[in-house]
Structures are given as structure tokens and as C-alpha cells.
Amino acid sequence: MKQPIFVFTALFLALCLAPLPLQAAEVDADGANTPDRQDVIRILQLSGELDNVRLIVRKMHAMAKERYSEANPDRAERVAEIVQQEMQAELNSALPKLADMMAEAWLPHLTQRDVNVLLQFYSSPTWTKLRGKRQEISQEGMILARGWANAFAQQADQRIQNRLQEEGLAP
């Protein structure tokens, strides 16, 4: 079943425009409350937040390639090239706008001091190491979470059944 591109776009925007949970903005020692927008955009780049866009665009690219290639099966290879080129051109054009939108969502939650700390961290060798392993770590975490969720569901179900039996409510 094909899903429309706008579904992926809406999901992506909902996820990306939600800033990380941070403490409410505080006033810096020098009284500055609003961080520099370009610094926040740099955080989004260094942290990998903007990389999520590329994952969504890859899915959109695959859907567009399939759709346009099916319409032109005898020229599918050329169609695929055009789709790739135009999707990349649109991404290059649209990504700065998205980064600015995301920065707008983050700005109220950060002070310049927060930004400076994050920039220092996201520029560190530690983050560089972790960023390269994020996908692997996420996959391992998901496997563990699935196992936990299954065990939790079984235990909770057993407790519910026991309680319903105790109170004479079991079917």
C-alpha cells in the first residue's frame, strides 16, 4: 500500500519541530535571554537533528521514484535520475528554511549559556563518537525495549486476570 508523501512530511515536521525537553529559559548572568539563532541552527546541524530530514526525504524519494517510473516504464532509469536530481535540489533549497523553523521552536527554551554548553558538547570528540553509533545504539535499545514491553504486557495481563478473578469479574 502506498502512503502519500504528505503523511511522511507531516510526521517528520511533528517530530522535528518538537524541541528536546529542556528547562525553561533562564536569564544569563549578563542578562541575555535570547540565544543567537545561527548558534541554534548550528546545534541542530551538529546534533544530527537535521539528519532526520534526510531519512524522510529518502523515503519520499523512493515513493516518488516508484510512482514516476511506473508512469514511464520504458524510461525508468532516466526518470529515476530526474527524480533524484530534483529531490536533492528541493532539499538543498528547503533545508535552510526548515532549520530556521526548528530554531524558532528551540529558541524560547534556551539561553545563550545553554547554547554555548550544547555547542561545546556537540563539537566534542565524545559526541562525534556517539553520533556515529546512534543508529546502532537505537536499534539495540529498540530490541531491548520490545523484550521489556512483551514481558510487561504479559505480567500486567496476568495481574489483571488475577484481580478480575479475585473480584468475581473474570469471564
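# A walk through an all-helix chain

Of the 171 residues in the protein chain, 25% are buried. The model is predicted. The protein chain holds 6 helices and 0 strands, and its pattern along the sequence reads α-α-α-α-α-α. Contacts can be sorted by how far apart their partners lie in sequence. Among those in the protein chain that join residues at least 6 apart, 82% link residues at least 24 apart.

Helix H5 is a good place to begin. H5 spans residues 112-122, and its buried residues are Gln112, Val115, Leu118, Leu119 and Tyr122. Viewed down the axis of H5, these buried residues fall within an arc of 120°, so they line one face of the helix. An α-helix has 3.6 residues a turn, so residues three or four places apart point the same way. On the face of H5 turned away from the buried side are the exposed residues Val117 and Gln120. The cover over the buried residues of H5 includes helix H2 (37-47) and helix H6 (125-166).

Valine 40 shows the H2 side of this arrangement. Valine 40 is part of helix H2, and it is buried because its relative accessible area is 0%, where buried means under 20%. Setting aside neighbours within four places in sequence, valine 40 is in contact with Pro35, Ala103, Trp106, Leu107, Leu110 and Val115. One of these partners, Val115, is among the buried residues of H5. Another partner, leucine 107, is 67 residues from valine 40 in sequence, yet their C-alpha atoms are 7.3 Å apart in space.

After H5 the chain passes into a loop. Serine 123 lies in this loop, between H5 and H6. With a relative accessible area of 48%, serine 123 is partly exposed. Its C-alpha atom is separated by 7.0 Å from that of leucine 46, although the two residues are 77 residues apart along the chain.

Aromatic side chains also come together in this part of the model. Phe121, Tyr122 and Trp127 form one aromatic cluster. In the whole structure, a search finds 4 aromatic pairs. For phenylalanine 121 and tryptophan 127, the ring centres are 5.6 Å apart and the planes stand at 50°, so this pair is tilted. The angle falls between the limits for the other two classes: planes under 30 degrees apart count as stacked and those over 60 as edge-to-face. How do the two residues stand with respect to the surface, buried or partly exposed? Phenylalanine 121 is partly exposed, at a relative accessible area of 35%, whereas tryptophan 127 counts as buried, at 11% relative accessibility.

A ring takes part in another kind of arrangement at tyrosine 68. The charged end of arginine 67 sits over the ring of tyrosine 68, at 4.5 Å from the ring centre.

The last stop is the largest pocket. Rolling a probe the size of a water molecule over the atoms shows where empty space is left. The largest pocket contains about 360 Å³ of space. Which elements give two or more residues to its lining? They are helix H3 (51-71) and H6. H3 provides the largest share of the lining, 5 residues. The lining as a whole is made up of Gly48, Asp51, Asn52, Arg54, Leu55, Arg58, Arg131, Arg134 and Gln135. H6 thus appears in two places, since this helix also helps to cover the buried residues of H5.

Conventions
Residues numbered from 1 in each chain as written. Predicted model: local features only at pLDDT ≥ 70, side-chain atom pairs only at ≥ 80, totals over all residues. Heavy atoms only, no water. Buried < 20%, exposed > 50% of the residue type's maximum accessible area, 1.4 Å probe, protein only. Helix = DSSP H or I, 4+ residues; strand = E, 2+ residues; numbered from the N terminus. Arc of directions from axis to C-beta. Contact = heavy atoms within 4.5 Å. Phe/Tyr/Trp six-rings, centres within 6.5 Å; stacked < 30°, edge-to-face > 60°. Lys NZ or Arg CZ within 6 Å of the ring centre and 35° of its normal. 1 Å grid on protein atoms, 1.4 Å probe; cavity = no way out; pocket = protein on both sides within 12 Å on 5 of 7 lines; lining within 4 Å. Points joined across faces, edges and corners; volume = space filled by probe spheres on them.
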